[in-house]
Amino acid sequence: VQLVESGGGMVQPGGSLTLSCVASGFAFNTYAMSWFRQPPGKWPEWVAHIKSAGRDTDYADGVRGRFTISRDNAKNTLYLQMNALKEEDTARYYCARVPSDVDYRLQYDDWGQGTNVTVSS
């Protein structure tokens, strides 16, 4: 299993970024996926979730309405479109594979190395 995130960077408050996660080594289209993040000096926190077919999604309260999770199963790629970014969105962002029958906010069986997002004026 390999998950490789990209697309992070530095942006001003109110700006946008799109993160990507390319998956390999497993049947991507059969797994639900999540994004989680770890702010500096804090515990990791779940951000967003998408089921395997891509039709059902869920978001943490703090990002709902600003972030959009999506996937392209033909390209084995997961995305996180982030709009209206705030300084509190500053974190390292990870994509994660979600095994069946677990709490997708808490349990993953693999994740990538992450990509840094810094929101600052």
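What radius of gyration would a compact globule with 121 residues have, and what does the chain have?

**Figure 1. Overall dimensions and strand content of the chain in this predicted model.** A compact globule of 121 residues would have a radius of gyration near 14 Å, and the chain, with 13 Å, agrees with that expectation. Along the principal axes, the C-alpha atoms fill a box of roughly 40 × 25 × 25 Å. The secondary structure consists of 11 strands with zero helices, so that reading along the sequence gives the pattern β-β-β-β-β-β-β-β-β-β-β. Of the 121 residues, 41% count as buried, and among contacts between residues at least 6 apart in sequence, 54% join residues at least 24 apart. The chain exposes about 6,400 Å², of which carbon and sulfur atoms supply 45%, while the mean positions of its 12 positive and 13 negative charges are 3 Å apart.

**Figure 2. Close-up of arginine 97 in strand S9.** Arginine 97 belongs to the strand that covers residues 91-98, and its relative accessible area of 10% falls under the 20% cut-off, which means that the residue counts as buried. The side chain of arginine 97 is joined to that of aspartate 109 by a polar contact of 2.9 Å. Leaving aside residues up to four places away in sequence, arginine 97 touches Val1, Leu3, Phe26, Tyr31, Ala32, Met33, Tyr108, Asp109 and Asp110.

**Figure 3. Close-up of threonine 77 in strand S8.** Threonine 77 lies in the strand formed by residues 77-82 and, with a relative accessible area of 7%, is buried. A polar atom of the threonine 77 side chain lies 2.8 Å from the backbone oxygen of lysine 75. When residues up to four places away in sequence are not counted, threonine 77 touches Ser20, Cys21, Val22, Phe28, Ser70, Arg71 and Asp72. Between the C-alpha atoms of threonine 77 and aspartate 109, which are 32 residues apart along the chain, the separation is 17 Å; aspartate 109 is also the residue whose side chain makes a polar contact with that of arginine 97.

**Figure 4. Close-up of leucine 106 in the loop between S9 and S10.** Leucine 106 is placed in the loop that leads from S9 to strand S10 (110-111). Its relative accessibility of 65% is over the 50% cut-off, and leucine 106 therefore counts as exposed. The C-alpha atom of leucine 106 is separated by 21 Å from that of glycine 65, a residue 41 positions apart from leucine 106 along the chain.

Definitions and conventions
Residues numbered from 1 in each chain as written. Predicted model: local features only at pLDDT ≥ 70, side-chain atom pairs only at ≥ 80, totals over all residues. Heavy atoms only, no water. Helix = DSSP H or I, 4+ residues; strand = E, 2+ residues; numbered from the N terminus. Buried < 20%, exposed > 50% of the residue type's maximum accessible area, 1.4 Å probe, protein only. Polar contact = N/O pair within 3.5 Å; in protein donor to acceptor, adjacent residues only side chain to side chain. Contact = heavy atoms within 4.5 Å. Rg over C-alpha atoms; globule rule 2.2 N^0.38 Å. Areas by Shrake-Rupley, 256 points an atom, 1.4 Å probe, with all protein chains shown as cover. Lys, Arg positive; Asp, Glu negative; His and termini not counted. Charge placed at Lys NZ, Arg CZ, Asp CG, Glu CD.
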